[in-house]
Amino acid sequence: MKLKIYQIDAFASEVFKGNPAAVIPLEKWLSDEVMQKIAEENNLAETAFFVKKDELFEIRWFTPKLEVDLCGHATLASAHVIINYLNNNSKTLRFSSKSGELNVRKEKDGLVLNFPAKSFNIAKLPDGLFEGLGALPVELYKNDDYMMILDSEKEVRDINPDFNLLNKVDTRGIIVTAKGDKVDFISRFFAPRVGINEDPVTGSAHTMLIPYWSKRLHKKEMSAQQISARGGHLHCVDLGERVEIKGTAVTYLVGEIKI
């Protein structure tokens, strides 16, 4: 079997920036085992697979280790592929996922993800988190991920994680965030338990970050930067029960895989 594969740099305006994702359009679903093996072979933060069903695109995402319920950058990458390579001129693309319906709207200056906002609760510091990051949070919250609030952008930049210790923290990932020096807020995201030591740009993390910073800053529209080595800029809007995340994407590779 031959399948088209696209590698897209999401939340980037040029290649080698943002977060790379593999995108594989399918006519029908492959087995979970095969999709997981493809994701492991790709060895990217996420591989997205989708199948068109009427006016919807059913979408699933796999890290090199497991399937996840939501991935922002690979959804952005999938929309980029559908618009630029599958001749779809719809202004809004609708995706069906394990996290419900997701929409991506095409605008002149980027693609806008419309995702459900995530609620979160105050959390106690778990074993390994302080030791793994070398920083104590001002505030700590949890949903699927821990969200650690620090005092300054410098503190976030200076973190040098011990991933062996962070791998023992029982959560999908760990968001570390602070008010930004040049943007409204900045963040980093660590997820060694799912095979991603540090994710370059994490759309799903912003479903927690946006509601938090909107309330903290008393702003509905905000600029954000994920300050990984590759980096990525996101324009964020708090809509209450949902959030919008705008970014751009560029194509790095178009190819074919044989399985």
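**Backbone outliers, helix packing and overall dimensions**

With a relative accessibility of 68%, Asp-54 counts as exposed, the threshold for that class being over 50%. This value, like the others reported here, was computed from a predicted model. Asp-54 is situated in the loop that connects β3 and β4, and its phi angle is near 55°, which is a positive value in a residue other than glycine. Most residues other than glycine have a negative phi.

A positive phi is also found at His-218, where the angle is about 60° although the residue is not a glycine. His-218 occupies the loop between α6 (206-217) and β15 (221-226), and it follows α6. At a relative accessibility of 72%, His-218 counts as exposed. A further positive phi, near 55°, occurs at Asn-43, the residue that follows α1.

The helix that precedes His-218 presents another picture, since 10 of the 12 residues of α6 are buried and the helix is therefore largely enclosed by the rest of the structure. The buried positions comprise His-206, Thr-207, Met-208, Leu-209, Ile-210, Pro-211, Tyr-212, Trp-213, Ser-214 and Leu-217.

In helix α1 (residues 32-42), the buried residues are Met-35, Gln-36, Ile-38 and Ala-39. Viewed down the helix axis, these buried residues of α1 fall within an arc of 160°, so they line one face of the helix. An α-helix has 3.6 residues a turn, and residues three or four places apart therefore point the same way. The other side of α1 carries Glu-33, Lys-37, Glu-40 and Glu-41, which are exposed. The buried residues of α1 pack against six strands whose positions are spread along the chain, namely β1 (2-10), β2 (19-26), β3 (46-53), β4 (56-62), β5 (67-68) and β18 (249-258). Two of these strands, β3 and β4, are those joined by the loop that holds Asp-54.

The loop between β1 and β2, two further strands against which α1 packs, contains Lys-17. Lys-17 has a relative accessible area of 38% and is thus partly exposed. When neighbours within four places in sequence are left aside, Lys-17 is in contact with Asp-9, Ala-12, Arg-230 and Gly-231. Lys-17 and Val-250 are separated by 233 residues in sequence, yet their C-alpha atoms are 9.3 Å apart in space.

The protein chain as a whole contains 6 helices and 18 strands. Its radius of gyration is 18 Å, close to the 18 Å that the globule rule gives for 259 residues, so the chain is as compact as a globular protein of that length. The C-alpha trace spans about 50 × 35 × 30 Å along its principal axes. Of the 259 residues, 56% count as buried, and among contacts between residues at least 6 apart in sequence, 62% join residues at least 24 apart.

With regard to the surface, the protein chain exposes about 12100 Å², of which carbon and sulfur atoms supply 46%. The chain carries 34 positive and 36 negative charges, and the mean positions of these two sets are 3 Å apart.

Terms used:
Residues are numbered from 1 along each chain as its sequence is written. This is a predicted model: local features need pLDDT of at least 70, side-chain atom pairs count only at pLDDT 80 or more; totals for chains, interfaces and linings use all residues. Side-chain values use heavy atoms; hydrogens and water are left out. Helices (H or I, at least four residues) and strands (E, at least two) are DSSP runs, numbered from the N terminus. The radius of gyration is taken over C-alpha atoms; the globule rule is 2.2 Å times the number of residues to the power 0.38. Buried means under 20% relative accessible area, exposed over 50%, partly exposed in between (1.4 Å probe, protein chains only). Contact means heavy atoms within 4.5 Å. Accessible areas come from the Shrake-Rupley method with a 1.4 Å probe; for residues, only the protein chains shown count as cover. Lys and Arg count as positive and Asp and Glu as negative; His and the chain ends are not counted. The place of a charge is taken as NZ of Lys, CZ of Arg, CG of Asp or CD of Glu. The arc is that of the directions from the helix axis to the C-beta atoms.
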